[in-house]
Amino acid sequence: MNKKFYVLLVFLALAMNACGQAVAEEPVVMDGEAFELYFIADPELSGSDLKNYDLEDLPLTEEPFLSTDDIVSYMWETHAINLTEEAYLKVVVVFSQGIPISGAPFVVVSNGERIYAGAFWSLASSASFDGVVIQQPFDPAGQPLFISLGYPSPDFFTGEDP
């Protein structure tokens with residue numbers, strides 16, 4: 001990997017340590033609820049392809065990318081997720097390696113049940129998306145990530161919030 005990438009990772013880790021975590025709302029504790037976020041195992045599928053598949057038919061990676069252990073807190077009102085520093089750095093690495101213009105699809109699983117599909121989405125993308133989105137983080141302190149509906153705005157989302 002190139003030197004700039006490692007410098008960015010070191011900078012982000014230092015910034016997160018220096019700034020700490022700011023939580024504006026009362027965090028939700030996930031009592032007994034298991035959360036897992038899996039990437040789609042087929043590299044040919046994009047976020048835009050999700051509408052062409054049943055949730056149960058999407059091939060998932062063997063291991064989750066994020067799980068309950070990676071979550072510090074979740075705020076229902078804003079769908080903000082505070083991750084551990086290690087988990088946040090994993091997200092930064094995914095985005096630094098490049099997200100396709102039509103998103104990197106994922107499936108959220110809770111207690112073994114597939115709940116919904118969505119996509120990591122780059123802020124540089126000019127493509128719209130009618131689905132659940134985790135946008136590229138841009139806070140150098142690393143917190144929080146936001147789950148949103150539609151890209152580039154909620155106006156592009158149709159349906160119900162899963």
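How many of the 7 residues of strand 7 are buried? The legends below work through this predicted model, and the answer comes with the view of strand 7.

**View 1. Strand 7 is largely enclosed by the rest of the structure.** Of the 7 residues in this strand, 5 are buried, so the strand is largely enclosed by the rest of the structure. Strand 7 spans residues 129-135. Strand 6, residues 113-121, pairs with strand 7 in the parallel sense. That pairing has 4 bridges. Strand 8 also joins strand 7 over 4 bridges, but these two strands run antiparallel.

**View 2. Facing residues link strand 7 to strands 6 and 8.** Val 132 of strand 7 stands opposite Gly 118. Val 132 also stands opposite Leu 149 in strand 8. Further along, Ile 134 in strand 7 is the bridge partner of Phe 120.

**View 3. An open sheet is built from 8 strands.** The strand order is 2-1-5-6-7-8-4-3. The pairing is mixed. Which strands stand at the edges? They are strand 2 and strand 3, the latter covering residues 71-75. Each has a single partner strand, so one side of each is left without a neighbour in the sheet.

**View 4. Helix 2 lies across several strands.** The helix covers residues 85-96. It lies across strand 1 (35-39), strand 2, strand 4 (80-83), strand 6, strand 7 and strand 8 (145-151). Relative to strand 4, helix 2 runs at about 110°.

**View 5. Ser 67 sits in edge strand 2.** Strand 2 consists of residues 66-67. Is Ser 67 buried or exposed? Ser 67 has a relative accessible area of 19%, under the 20% cut-off, so it counts as buried. Leaving aside residues up to four places away in sequence, Ser 67 touches Phe 35 and Glu 36.

**View 6. The second largest pocket has a volume of about 230 Å³.** Its lining is made of 14 residues. Those nearest the centre of the pocket are Leu 50, Lys 51, Phe 129, Asp 130 and Gly 131. By class, the lining has 8 nonpolar, 4 polar and 2 charged residues.

**View 7. Strands 6 and 7 both help line the second largest pocket.** Each of these strands supplies at least two residues of the lining. Which strand gives the largest share? Strand 7 does, with 4 residues. Strand 7 thus appears twice in these views: it contributes to the pocket lining, and 5 of its 7 residues are buried.

Terms used. Residues numbered from 1 in each chain as written. Predicted model: local features only at pLDDT ≥ 70, side-chain atom pairs only at ≥ 80, totals over all residues. Heavy atoms only, no water. Buried < 20%, exposed > 50% of the residue type's maximum accessible area, 1.4 Å probe, protein only. Contact = heavy atoms within 4.5 Å. Pairing = 2+ DSSP bridges. Axes fitted to C-alpha atoms, helices over the stretch in contact; angles between N-to-C directions. 1 Å grid on protein atoms, 1.4 Å probe; cavity = no way out; pocket = protein on both sides within 12 Å on 5 of 7 lines; lining within 4 Å. Points joined across faces, edges and corners; volume = space filled by probe spheres on them. Nonpolar A, V, L, I, M, F, W, Y, C, P; charged D, E, K, R; others polar.
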